[in-house]
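Got the viewer open? Let's walk through this one stop by stop, starting with the overall picture and then zooming in.

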Amino acid sequence: GEHLHVDFIPLRGTSIGGNKHIAVFVCEYSGFLVGIPTQSKAEKAMTEVFKDAIGAFTQHSHQVRRVTYDDEPSLTCMQPFLATIGVTAEAVPAGHHESRIERYIQTIRSRKRAILAGLDYELPKELECEAFMWAIKSLNMVSNSQSGDSTPYQLVTGNKPLMPEFSFGEVGIFYMKRQDQPDDRGEWGLIIEHAGNQSIHY
């Protein structure tokens, strides 16, 4: 987590959470990916995005010392904030692109395409953000050229990843308990997120 690289994935439309972009951060050492959906690229919103991304590493006792990004106003405006928390900000020269994060974003896009190819229906465009986030999480669960024999998730958290029981977009009947009803309520839905040993449906 010492050196992070960051760029954006633009969404085709607005997600169910009202987001229009995903800020993607990658750790140079481990290849661990962090995706932060955001409604805006304004400075206030980006400050919260960077806080959350850096927090994903510091909560596991990793210190972020440097962040590299494209020479883009929505990212370069973060330099004063990063300086206040002791993080060095580096923008690549104007007219160039941050090649490391671009390669990872292409991998994320490929993983997302593979996920959607496995569905027997067309995913609603407002769930595109969730498909990207699933792709990001799944890439953290497999080893890569940076992580070696371990997974990026293991290198950052110190734990083995919990593989999801269900696949993204899997359709089924989901039962929920409601305080005002004695019986479980069932409704059709599809899996859009996994968190620990729980799956979240839409």
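Begin with a strand pairing. Select residues 66-69, which are strand 4, together with strand 1: the two run parallel and are joined by four bridges. Keep in mind as you click around that this is a predicted model.

To pin down the register of that pairing, pick His3 and look across to strand 4, where its bridge partner is Arg66.

Now colour residues 3-10, the whole of strand 1. How many of its eight residues are buried? Seven of them are, so to speak, under cover, and the strand as a whole is mostly covered.

Next, add residues 21-27, which form strand 2. Strand 2 runs antiparallel to strand 1, and seven bridges hold the pair together. Click on Asp7 for a reference point here: the residue standing opposite in strand 2 is Val24. With both neighbours displayed, strand 1 has a parallel partner in strand 4 and an antiparallel one in strand 2.

Time to zoom out. Switch to a cartoon of the full chain and count the elements: there are six helices and eight strands. Reading from the N terminus, their order is β-β-β-α-β-α-α-β-α-α-α-β-β-β. The radius of gyration is 18 Å, close to the 17 Å from the globule rule for 202 residues, so the chain is as compact as a globular protein of that length. Turn the C-alpha trace along its principal axes and you'll find it spans about 55 × 35 × 35 Å.

While you have everything on screen, try a few whole-chain views:

- Colour by burial: 43% of the 202 residues are buried.
- Show contacts: of those with a separation of 6 or more, 51% link residues 24 or more positions apart.
- Turn on the surface: the accessible area is about 11,100 Å², and carbon and sulfur atoms contribute 48% of it.
- Colour by charge: there are 19 positive and 25 negative charges, and their mean positions lie 1 Å apart.

For the last stop, go to helix 1, residues 43-58, and select Ala56. Is Ala56 buried or exposed? Its relative accessibility is 15%, which is under the 20% cut-off, so Ala56 counts as buried. Which residues does Ala56 touch, leaving aside those up to four places away in sequence? They are Val34 and Val156. Draw a distance between the C-alpha atoms of Ala56 and Val34 and you should get 7.5 Å, for two residues that sit 22 apart along the chain.

Conventions
Residues are numbered from 1 along each chain as its sequence is written. This is a predicted model: local features need pLDDT of at least 70, side-chain atom pairs count only at pLDDT 80 or more; totals for chains, interfaces and linings use all residues. Side-chain values use heavy atoms; hydrogens and water are left out. Buried means under 20% relative accessible area, exposed over 50%, partly exposed in between (1.4 Å probe, protein chains only). Two strands pair if DSSP finds at least two bridges between them. The radius of gyration is taken over C-alpha atoms; the globule rule is 2.2 Å times the number of residues to the power 0.38. Contact means heavy atoms within 4.5 Å. Accessible areas come from the Shrake-Rupley method with a 1.4 Å probe; for residues, only the protein chains shown count as cover. Lys and Arg count as positive and Asp and Glu as negative; His and the chain ends are not counted. The place of a charge is taken as NZ of Lys, CZ of Arg, CG of Asp or CD of Glu.
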